[in-house]
Amino acid sequence: MRYEVNGGVFPVVTCYLNHGESMITEKGSMVWMSPNMQMDTKGGGLGKMFSKAFSGESMFQNIFTANGDGMITFGASFPGEIRALQIAPGQEMIVQKRSFLAAEEGVDLSIHFSKKIGAALFGGEGFIMQRLSGNGTAFVEIDGSLMEYQLQPGQQLIVDSGNVAAFTPSVKMDIQQVAGLKNKLLGGEGLFNTLLTGPGTVWLQTMPISGIAATLQGMIPSGNG
């Protein structure tokens, strides 16, 4: 499989497949493809389907297989970037659940829960992540622009949960309360932030769709007037 990313701030990734090669996706991210691409929708076992339903993910995967040399294009759902990840044993990645776009069939997708009780209770969208393992190329969408940080052992970063796009499994995630009652009530920054502790790589996104949605919601007049 070879690929190319185009489209500027409204990106798409086009994958060129040899006969028999497949791509998987968990949402309606296919935007165009050649006629010889065959689609098959599958579950993934009762346990995996239950965990996906619990996390708010689709319980099914769409698998697109080339019958002959084929082409398929996946599009991002929000202005930003599409990045390719090379997944292999020892090169796994934890991504925000809505960031995953598509991957080669050799990439395994599973639900990743934070083991910290703080994250379990208050993590919101940052609590339930998706683990990419196996072998192959995976594509993730980044809302806005991507910022990468290399955290040293014990080095920490406090991040608004919606801005966390991905991190390597060696990074620990927990939830930290905003300090001070006045800050909680009047600061406008919410009650909790995500605490990331190194070592490892952290990917942050500059314009999460959750933040845009919250801003727009505040601008919509309430009531019938």
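Colleague: How many salt bridges does a search of the whole structure find?

Modeller: Keep in mind that this is a predicted model. Side chains of opposite charge can pair when their charged atoms come close. One such pair here is Arg83 with Glu81, at 2.9 Å from N to O. Searching the whole structure, the number of salt bridges comes to four.

Colleague: Which residue meets Arg98 in a salt bridge, and where does that partner lie?

Modeller: Arg98 sits in the loop between β9 (93-96) and β10 (100-104), and the partner is in strand β13 (residues 136-143), so the pair ties together parts that are 45 residues apart in sequence. The N to O distance is 2.8 Å. The residue in β13 is Asp143.

Colleague: Is Asp143 buried or exposed?

Modeller: Arg98, on the other side of the bridge, is partly exposed at 21% relative accessible area. The cut-off for buried is under 20%. Asp143 has a relative accessible area of 1%, so Asp143 is buried.

Colleague: And what about Lys42, which residue does its side chain meet in a salt bridge?

Modeller: Lys42 is partly exposed, with 44% relative accessibility. The partner is partly exposed too, at 37%. Their N to O distance is 3.8 Å, and the partner is Asp40.

Colleague: Which strand gives the largest share of the largest nonpolar core?

Modeller: In soluble globular proteins, nonpolar side chains tend to be buried together. The largest core here has 18 residues, and Leu85, Leu132 and Trp203 touch the most other members. Strands β8 (80-87), β9, β10, β11 (107-113), β13 and β16 (164-167) each bring at least two residues to this core. The largest share is three residues, and the strand that supplies them is β13.

Colleague: Which residues of β13 does Leu132 touch?

Modeller: Leaving out residues up to four places away in sequence, the contacts of Leu132 include Leu85, Ile87, Met93, Val95 and Phe100. Glu92 and Asp108 are also among them. Strand β13 covers residues 136-143, and the contacts of Leu132 in that range are Ala138 and Val140.

Colleague: How many residues are in the second, separate core?

Modeller: The largest core has 18 residues. The second core is separate from it and includes Phe64, Ala66, Ile82 and Leu101. Its residue count is 13.

Colleague: Which side chain makes a polar contact with that of Ser34?

Modeller: Ser34 is in the loop between β4 (30-33) and β5 (37-42), and it is buried at 14% relative accessible area. Beyond its neighbours within four places in sequence, Ser34 is in contact with Gly70 and Met71. The polar contact spans 2.6 Å, and the side chain on the other end belongs to Asn36.

Colleague: How far apart in space are Pro79 and Pro11?

Modeller: Pro79 lies in the loop between β7 (70-75) and β8, and it is partly exposed, with a relative accessible area of 24%. Not counting residues up to four places away in sequence, Pro79 touches Val9, Phe10, Ile142, Asp143, Gly144 and Met207. Pro79 and Pro11 are 68 residues apart in sequence, yet their C-alpha to C-alpha distance is 7.4 Å.

Colleague: Stepping back, what share of the protein's residues count as buried?

Modeller: The protein has four helices and 19 strands. Among contacts with a separation of 6 or more, 78% come from residues 24 or more positions apart. Of the 225 residues, the share that count as buried is 43%.

Technical notes
Residues numbered from 1 in each chain as written. Predicted model: local features only at pLDDT ≥ 70, side-chain atom pairs only at ≥ 80, totals over all residues. Heavy atoms only, no water. Buried < 20%, exposed > 50% of the residue type's maximum accessible area, 1.4 Å probe, protein only. Contact = heavy atoms within 4.5 Å. Core = buried A, V, L, I, M, F, W, Y, C linked by side-chain atoms within 4.5 Å. Polar contact = N/O pair within 3.5 Å; in protein donor to acceptor, adjacent residues only side chain to side chain.
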